[in-house]
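Here are a few short exercises on the space around a ligand and on the pockets of a protein. Have a look at the model, try each task, then read the solution.

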Amino acid sequence: MRRILVAGNWKMNASSADTKALLNGLLDAGNLSCDVAVFPPFPYLTQAVSELNGSAIRVGAQNCSDQRSGAFTGEVSTEMLADCGAELVIIGHSERRALYGETDEVVLSKTRLAIDAGLVAVVCVGETLEERKAGREETVVAAQLTLLLSELTDADWKNVVVAYEPVWAIGTGETASPEQAQAIHAYIRTLLAERSANIAEETRILYGGSVKSANAADLFSQTDIDGGLVGGASLDAAEFIGICRA
Ligand code: PGA
């Protein structure tokens, strides 16, 4: 059985004080009966790891370098993330793809390095509004997954979570309907099944794009939706707890 995972992507938000307040809010909620992870900005990773020490809530990073180490000013390696106590890393978020030119090749390199460092790679895929209007959403996510499906081993896939995030639903307040999301999640699972039945059965596929406490239960009850990657609503402890409880 795939356990529901609720992942909070804080993006470039929060301060040290906010990190403390938000995490204390989550800790006060007690057992959330699903897997929970938070993804603060790099400077607050070690703080988050120590605030959450002893709890079941995991800490992840929002990005990593596509290089192992060396003269790459400003970059942060997957080994450093693991050394700081991070256990997951988001890779290929649509904001990284659109604003920082991350290609599928870069996404593969980062995923490779994340797995080598012992991290779980949360790899994002998803189509833009134009692509959806043109009926190309399946073609787009299939292309984004091609290299990962051909290059990663079965063992690697045990440390991969796929996040389907339609770009038109990110930060827009517009959510894919549970049926729309289920349809593409089911399609992604058939792509995984063409690679291996076990990978299809075991890999979690999260939905992302304006997930809130009000829509989470409907989304998470779909057969192929195994949780959410939550942006805006993860900055509000009560909202995020509401999503976890859904
Ligand atoms: P949102 O962001 O929940 O604010 O739409 C989701 C994401 O980008 O991961």
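**Exercise 1.** Sort the residues of the shell around the ligand by class.

*Solution.* The shell divides into four nonpolar, seven polar and two charged residues. Here Ala, Val, Leu, Ile, Met, Phe, Trp, Tyr, Cys and Pro count as nonpolar, Asp, Glu, Lys and Arg as charged, and the others, Gly among them, as polar. Keep in mind that this is a predicted model, where local features need pLDDT of at least 70, side-chain atom pairs count only at pLDDT 80 or more, and totals for chains, interfaces and linings use all residues. Residues are numbered from 1 along each chain as its sequence is written, and side-chain values use heavy atoms, with hydrogens and water left out.

**Exercise 2.** Find which residues come nearest to the ligand, and what its oxygen atoms sit beside.

*Solution.* Start with the 13 residues around the ligand (a heavy atom within 4 Å): K11, H93, E165, G171 and S210 come nearest. Next, check the distances. A side-chain N or O atom of K11 is 2.7 Å from a ligand oxygen, and for a polar side-chain atom of E165 the distance to a ligand oxygen is 2.7 Å. With G171, a polar backbone atom is 2.6 Å from an oxygen of the ligand. Finally, look at the cover: the ligand alone exposes 290 Å², and the protein buries 95% of that (Shrake-Rupley method, 1.4 Å probe).

Notes:
Polar contact = N/O pair within 3.5 Å; in protein donor to acceptor, adjacent residues only side chain to side chain.
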